[in-house]
Amino acid sequence: MDSLLIRNGTIVDAEQGRTFEADLAVRDGKITRIGRGLFGRAVQEIDAAGCLVTPGLIDHHVHLFPMSKIGIPGEAVCFSSGVTTAADAGSAGCGTYEEVIRPLLGGKLEVKSYVNVCTTGLDGLPEQTEDVRPERMDAGRLCELFAERKDELLGIKLRTSREIVRELGFGPLKAAVALGERLGVPLMVHITDPPGPLNTLLSMLRPGDIVTHMYQNTGFSLLKDKKVMEEAYQARKRGILFEAADARAHFSFEVCEQAFREGFFPDFIGTDLTKFSMYQRPTSFSLAMQLSKYTHLGMEFAEVIRCMSWNPAVDMGIADRVGSLAVGKQADIAVFRPCEARNVFGDRPFADRTREEREGEHLYLPVVTVKKGEMVYRSLLF
């Protein structure tokens with residue numbers, strides 16, 4: 001007997017770019033059947049009529065507790081948002097990683113990590129920023145860590161904001177790129193308020209490196225003369241990847257809406273959640289809220305799901321198991337119910353007088369989350 005049967009839903013196939021009506025059956029932690037009118041019974045059955053059945057979402061940019069003391073409670077926040085896999089975006093450095101990852105490895109949420117080039121990671125936040133002086137980057141220990149724990153690690157992370165790099169300018173970025181080359185891993189670079197023009201930053205990156213907070217507008221942004229700079233298009237052609245991860249202040253409607261008009265969409269959509277942005281309106285809130293926001297701004301629902309499932313799964317090297325709904329794949333599944341509800345999306349917290357807002361009338365509510373065939377979240381209303 002199947003352990004779970006989801007009937008009458010609209011399947012969103014992120015891998016193939018298809019949407020179709022079907023039932024979906026799960027047994028022994030895997031998807032066993034997909035089709036119309038599946039026969040048989042299951043231990044648990046869900047009528048998903050009117051709902052969208054998607055792969056379990058992947059939050060490609062989050063900060064988890066205890067990886068950082070400002071991190072979020074991963075399973076509580078992720079599972080209730082339809083997220084089944086999370087990538088911690090550089091909360092820990094090579095000097096702290098092995099200690100802080102232990103509590104997470106025994107959990108049900110699948111966790112992968114970027115390692116901060118600062119040896120102590122974000123341990124000093126919010127009082128103290130990272131030490132990113134190139135001479136303090138511990139290349140030897142990083143090499144050891146990636147050799148020992150390569151299955152858990154995705155790459156390295158640098159925040160290159162002016163307040164962090166200060167008089168060092170692009171020196172830490174140059175050193176981090178060289179470090180990524182030595183390790184043979186990608187670099188994720190935080191670009192909010194960079195120390196110089198964004199085209200200079202982009203020119204320093206390698207194929208596979210990730211620009212996060214792509215729609216930020218503090219200091220130099222993606223726009224030049226009110227259009228997406230040509231260097232960003234060239235960087236994408238070279239294989240540079242672009243991520244939207246909005247947090248509380250790493251997003252601008254001006255930049256995003258112009259980029260959308262030009263068709264410059266993200267490769268990945270994450271949240272950059274910390275305890276300061278978790279469930280905070282009108283900003284990031286959760287990945288489910290980002291799903292609603294980016295569809296409101298003009299992306300197709302299926303394409304947003306692709307940026308939250310298949311694309312990150314491919315980049316993380318786990319697309320053989322997760323990131324799409326197909327027979328034989330791991331049963332990581334989310335179910336969303338579209339609903340009519342007024343909602344305000346903002347690019348800064350309500351207390352910030354510089355914020356801009358957009359009002360929407362549609363939300364996608366997460367009602368069921370399944371991880372490895374086990375129902376780990378279900379709404380009381382469903």
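Let's start with R141, which is buried in this predicted model, with a relative accessible area of 18%. The cut-off for calling a residue buried is under 20%, so at 18% R141 falls in that class. You'll find R141 in helix α3, residues 139–148. If we leave aside neighbours within four places in sequence, R141 is in contact with C94, E98 and E148.

C94 brings me to the cysteines. How many disulfides does the model have? The count comes to 0. Take C78 to begin with: the nearest cysteine sulfur belongs to C307 and is 18 Å away. A disulfide needs two cysteine sulfur atoms within 2.5 Å, so C78, with 18 Å to the sulfur of C307, is in no disulfide. C78 is also buried, at 3% relative accessibility. Then there is C143, where the nearest cysteine sulfur is that of C94, 9.9 Å away, and C143 is in no disulfide either. C143 counts as partly exposed, with 26% relative accessibility.

Keep C78 in mind, please, as we turn to the empty space inside. The structure holds 1 cavity of 30 Å³ or more, and the largest cavity has about 30 Å³ of space. Which residues line the largest cavity? They are D59, V77, C78, S81, V83, T271, L273, S286 and L287. By class, that lining has 5 nonpolar, 3 polar and 1 charged residues.

The largest pocket is next, with a volume of about 610 Å³. For those of you thinking about grids and boxes, 28 residues line this pocket, and R159, E163, H190, R248 and H250 lie nearest its centre. Two elements give two or more residues to the lining, namely β9 (153–159) and α4 (162–165). In terms of class, the pocket lining divides into 9 nonpolar, 11 polar and 8 charged residues.

Now for the nonpolar packing. The largest nonpolar core has 102 residues, and Y215, F242 and Y294 touch the most other members. Let me show you F242 in detail. Not counting residues up to four places away in sequence, F242 touches L202, V211, M214, L222, A232, A235, R236, F264, P266, D267 and F268. There is also a second, separate core of 19 residues, and among its members are I6, I31, A331 and V367.

From the contacts of F242, let's pick out A235, which is found in helix α7, residues 230–237. Is A235 buried or exposed? With 0% relative accessibility, A235 counts as buried. Leaving aside neighbours within four places in sequence, A235 is in contact with L202, I240 and F242, and L202 is also on the contact list of F242. For a sense of distance, the C-alpha atoms of A235 and S81 are separated by 32 Å, with their positions 154 residues apart along the chain. S81 is one of the residues lining the largest cavity.

My last stop is L64, in the loop between β6 (57–62) and α1 (74–79). L64 is a loop residue, and its relative accessible area is 0%, so L64 is buried. What is L64 in contact with, leaving aside neighbours within four places in sequence? The list is G71, I72, G74, A86, D88, S91, L104 and V111. Finally, L64 and V367 are 303 residues apart along the chain, and their C-alpha atoms are separated by 23 Å. V367, you may recall, is included in the second core. Thanks, everyone, and I'm happy to take questions.

Conventions:
Residues are numbered from 1 along each chain as its sequence is written. This is a predicted model: local features need pLDDT of at least 70, side-chain atom pairs count only at pLDDT 80 or more; totals for chains, interfaces and linings use all residues. Side-chain values use heavy atoms; hydrogens and water are left out. Buried means under 20% relative accessible area, exposed over 50%, partly exposed in between (1.4 Å probe, protein chains only). On a 1 Å grid over the protein atoms alone, a cavity is a set of points where a 1.4 Å probe fits but cannot get out, and a pocket is an open set with protein on both sides within 12 Å along at least five of seven lines; lining residues have an atom within 4 Å of a point. Grid points are joined across faces, edges and corners, and a volume is the space filled by probe spheres set on the points. Helices (H or I, at least four residues) and strands (E, at least two) are DSSP runs, numbered from the N terminus. Ala, Val, Leu, Ile, Met, Phe, Trp, Tyr, Cys and Pro count as nonpolar, Asp, Glu, Lys and Arg as charged, and the others, Gly among them, as polar. A nonpolar core is a set of buried Ala, Val, Leu, Ile, Met, Phe, Trp, Tyr and Cys residues joined through side-chain atoms within 4.5 Å. Contact means heavy atoms within 4.5 Å.
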